[in-house]
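Here is a short report on one protein model. Please have the sequence and the structure open as you read.

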Amino acid sequence: MKHVSILVPQGNCILSSIIGPYKVLSGANDYLVKMGKNPCFDIHLVGLADETKLYDGLFSVHPDKMIADVKKTELIIIPAVEPHSLAMNTSFINWINEQHAKGAEVASLCVGAFLLASTGLVDGRRCTTHWLAAEAFRQRFPLVNLVPEMIITDEQGIYTSGGAYSFINLVLYLVEKYCGREVAVYLSKVFEIELERSSQAPFNIFMGQKGHEDEPIRKAQEYIETNIDKKISVDQLAGLFLISRRNFERRFKKATANTPIEYLQRVKIEAAKKSLESGRDNINEVMYAVGYSDSKAFRTTFKKITGLSPLDYRKKYSRGSIQAN
């Protein structure tokens, strides 16, 4: 059996990201035993203390092992521990690195990526996390290749998952890797989880990246956001703030992690998404309202950013579509 260590951090942690992996991996074992086979996983909750209290003490988790008790493990699962609780969990960092050096694979769930990145194991590698935490993650870990649109990354035994309950997709991915497709499909049906979901882009809400100190760039962002219906060029933006185009593009990318064109597109598509979710305008009317006149360009950009066509997005999120079904 593969020895699995599900970490139980101190401080604020999402309880479901501890329970969820435990239940799915246990479900894999139960299915294999039912089929007359040996269980696949030897599952342990591994902590730094005998008890972790969560949600103002309403819940508590009692690990069955401390990190000092685990001399060798094969898979470490880092749950969604809140970034501001990292200081309480630094003892995990050396232990994770030591276990990885002995051959352990490591998986982080949601914002557990902050603890994973603190180990240095994803420097120069792809990593995902909750889209809400993407900007803070980039600022804190600039050496990591963050891909927040992804649901799952697999970098030679270092795994990460996107936000919130998408961690279940990573756990199923690991079940399929270790136990086979049949077990993963069975569990996807029992837990009613969609297999093969690869992008969290449809869930992303673009809020702009303004956590920087470049005031002209911030004003350029605000100009874009208050002129969604207009066609705005990079030359126009640079001219408005008396900055050369080349310097403007460089500063904009440094401040926001987007090129000006990418930022323009994301602001416009975010506005289009809101219209499709709540309004009754047809898709062409939405397109014109956010400053596009070329239907093909609008649809291509919309799908690139959201992973869905405008029509599919409306079907998925419009209240009218839900009521119609």
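## Aromatic pairs

This is a predicted model. It holds 15 aromatic pairs. One of them joins F137 and F141. Their ring centres are 5.0 Å apart and their planes meet at 50 degrees, which makes the pair tilted. F137 and F141 are both buried.

Y159 and Y173 form another pair. Their centres lie 6.3 Å apart. Their planes stand at 65 degrees, and over 60 counts as edge-to-face, so that is the class of this pair. The two rings come from distant parts of the chain, 14 residues apart. Y159 sits in strand β11, residues 158–161. Y173 sits in helix α5.

Is each partner buried, partly exposed or exposed? Y159 has a relative accessible area of 0%, so Y159 is buried. Y173 reaches 31% and therefore counts as partly exposed. Elsewhere, ring pairs link a cluster made of Y292, F298, F302, Y313 and Y317.

## Overall build

The protein has 325 residues, with 14 helices and 11 strands. Its C-alpha trace spans about 65 × 45 × 40 Å along the principal axes. Half of the residues, 50%, count as buried. Take the contacts with a separation of 6 or more: 63% of them join residues 24 or more positions apart.

The exposed surface comes to about 16000 Å². Carbon and sulfur atoms supply 52% of that area. The protein carries 41 positive and 36 negative charges, and the mean positions of the two sets are 5 Å apart.

## Nonpolar cores

In soluble globular proteins, nonpolar side chains tend to be buried together. Here the largest nonpolar core has 37 residues. The residues with the most contacts inside this core are L25, F41, V175, Y178, C179 and V183. Six elements each supply at least two of the core residues: strands β1 (2–8), β2 (41–47) and β6 (75–78), and helices α1 (16–34), α5 (167–179) and α6 (181–190). Which element gives the most? Helix α5 does, with 9 residues.

L25 shows how these parts meet. Leaving out residues up to four places away in sequence, L25 touches V4, F41, I43, I77, V171 and V175. Another core lies apart from this one and has 32 residues. Its members include I78, A104, F114 and V144.

## A buried glycine in a loop

G163 lies in the loop between β11 and α5. Its relative accessible area is 9%, under the 20% cut-off, so G163 is buried. What does G163 touch beyond its neighbours within four places in sequence? The contacts are C110, T129, H130 and Q200. W131 is 32 residues from G163 in sequence, yet the two C-alpha atoms are 6.5 Å apart in space.

## Two positive phi angles

Most residues other than glycine have a negative phi. D56 has a positive phi, near 55 degrees. D56 is in the loop between β3 (52–54) and β4 (59–61). Its relative accessibility is 85%, so D56 counts as exposed.

L242 also has a positive phi, near 55 degrees. L242 is in the loop between α8 (234–240) and α9 (245–256). Is L242 buried or exposed? L242 has 80% relative accessibility, which is over the 50% cut-off, so L242 counts as exposed.

Terms used:
Residues are numbered from 1 along each chain as its sequence is written. This is a predicted model: local features need pLDDT of at least 70, side-chain atom pairs count only at pLDDT 80 or more; totals for chains, interfaces and linings use all residues. Side-chain values use heavy atoms; hydrogens and water are left out. Helices (H or I, at least four residues) and strands (E, at least two) are DSSP runs, numbered from the N terminus. Buried means under 20% relative accessible area, exposed over 50%, partly exposed in between (1.4 Å probe, protein chains only). Contact means heavy atoms within 4.5 Å. Accessible areas come from the Shrake-Rupley method with a 1.4 Å probe; for residues, only the protein chains shown count as cover. Lys and Arg count as positive and Asp and Glu as negative; His and the chain ends are not counted. The place of a charge is taken as NZ of Lys, CZ of Arg, CG of Asp or CD of Glu. A nonpolar core is a set of buried Ala, Val, Leu, Ile, Met, Phe, Trp, Tyr and Cys residues joined through side-chain atoms within 4.5 Å. Rings of Phe, Tyr and Trp (its six-membered ring) pair if their centres lie within 6.5 Å; planes under 30 degrees apart count as stacked, over 60 as edge-to-face and the rest as tilted.
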